[in-house]
Amino acid sequence: PYRRQRQMCKETGSRLPYVELYADLLQDPAFAGLTGSAYKTYIGMMKERGQQSENFAFAFPRRVAEKYGISEDSLRRAVKELEQKGFIKCCAHNSNLRKADLYQFSIE
């Protein structure tokens, strides 16, 4: 499937989406110790946030997480783990407004 998608992108001339992961992050013991769903959630968040600045708040709703194969329960646990380990912070809890929470990446 990946090869097919890659070929289609070559044919259309569009760029494949990518996420920059720096070596210091990959070598960080806290990052290496993330569960699989937290790892996938972090990478999905980076992809969805795009090339915005670090301080840019972004949403990562359940329907978007599902694109990355992350269930609702896994998303909830992964977000909690990422917050506890200091990789993200929630800057707006919007569940009472029936909107997605907003997050920021943390440089801690």
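Biologist: In which strand does glutamine 104 lie?

Modeller: In this predicted model, glutamine 104 belongs to strand β3.

Biologist: Why is glutamine 104 called buried?

Modeller: The relative accessible area of glutamine 104 is 17%. Buried means under 20%, so glutamine 104 meets the condition. Its C-alpha atom is separated by 6.6 Å from that of phenylalanine 58, and the two residues are 46 residues apart along the chain.

Biologist: How many helices and strands accompany β3 in the protein chain, counting β3 itself?

Modeller: The protein chain has six helices and three strands. Along the sequence, they follow the pattern α-α-α-α-β-α-α-β-β. Of the 108 residues in the protein chain, 31% are buried.

Biologist: What makes glutamate 81 a buried residue?

Modeller: Glutamate 81, which has its place in helix α6, has a relative accessible area of 13%. This value is under 20%, and glutamate 81 is therefore classed as buried. Apart from neighbours within four places in sequence, glutamate 81 is in contact with Gly33, Leu34, Thr35 and Ala38.

Biologist: Which residues bring α4 and α6 together?

Modeller: From α4, Ser37, Ala38, Thr41, Tyr42 and Met45 take part. They meet Ser74, Leu75, Ala78, Val79, Glu81 and Leu82 in α6.

Biologist: Why are α4 and α6 described as roughly perpendicular?

Modeller: The two helices pack at an angle of about 80 degrees, and their axes are 8 Å apart. Angles of 65 to 115 degrees count as roughly perpendicular, and α4 and α6 therefore receive that description.

Biologist: Which residues have the most contacts inside the largest nonpolar core?

Modeller: They are Tyr42, Met45, Leu82 and Tyr103, in a core of 21 residues. At least two residues of this core come from each of α4, α5, α6, β2 (88-92) and β3 (102-105). In soluble globular proteins, nonpolar side chains tend to be buried together. Leaving aside neighbours within four places in sequence, the contacts of tyrosine 103 include Met45, Phe56, Val79 and Ile88. Cys90 and Cys91 are also among the residues in contact with tyrosine 103.

Biologist: How do you know that cysteine 90 and cysteine 91 are not bonded through their sulfur atoms?

Modeller: The closest cysteine sulfur to that of cysteine 90 is in cysteine 91, at 6.3 Å. A disulfide requires sulfur atoms within 2.5 Å, so this pair is too far for a bond. A search of the whole structure finds zero disulfides.

Biologist: Are these cysteines buried, exposed or partly exposed?

Modeller: Cysteine 90 has a relative accessible area of 18% and is buried, whereas cysteine 91, with 40%, is partly exposed.

Biologist: What makes lysine 67 and glutamate 48 a salt bridge?

Modeller: Their closest N and O atoms are 3.3 Å apart. The cut-off is within 4 Å, so the pair qualifies. Lysine 67 lies in helix α5 (residues 62-67) and glutamate 48 in helix α4 (residues 36-49), so the pair ties together parts that are 19 residues apart in sequence.

Biologist: Why is lysine 67 called exposed?

Modeller: Its relative accessibility is 59%. Exposed means over 50%, and lysine 67 therefore satisfies the condition. Glutamate 48, at 29%, counts as partly exposed.

Biologist: How many salt bridges are there by this rule?

Modeller: The count comes to five. One of them joins arginine 62 to glutamate 72, with the closest N and O atoms 3.5 Å apart. Arginine 62 lies in α5 and glutamate 72 in α6 (residues 72-84), so this pair ties together parts that are ten residues apart in sequence.

Biologist: How do you know that aspartate 73 and arginine 76 form a salt bridge?

Modeller: The closest N and O atoms of aspartate 73 and arginine 76 are 3.1 Å apart. That distance is within 4 Å, and the pair therefore counts. Both residues lie in helix α6, three residues apart, which is about one turn of the helix. Salt bridges that share partners join Arg62, Glu72, Asp73 and Arg76 into one network.

Biologist: What sets arginine 76 and aspartate 73 in their accessibility classes?

Modeller: Arginine 76 has a relative accessible area of 51%, over the 50% limit, and is therefore exposed. Aspartate 73, at 43%, falls between the limits of 20% and 50%, so it counts as partly exposed.

Key:
Residues numbered from 1 in each chain as written. Predicted model: local features only at pLDDT ≥ 70, side-chain atom pairs only at ≥ 80, totals over all residues. Heavy atoms only, no water. Salt bridge = Lys/Arg side-chain N within 4 Å of Asp/Glu carboxyl O. Helix = DSSP H or I, 4+ residues; strand = E, 2+ residues; numbered from the N terminus. Buried < 20%, exposed > 50% of the residue type's maximum accessible area, 1.4 Å probe, protein only. Core = buried A, V, L, I, M, F, W, Y, C linked by side-chain atoms within 4.5 Å. Contact = heavy atoms within 4.5 Å. Axes fitted to C-alpha atoms, helices over the stretch in contact; angles between N-to-C directions. Parallel < 35°, antiparallel > 145°, perpendicular 65-115°, else oblique.
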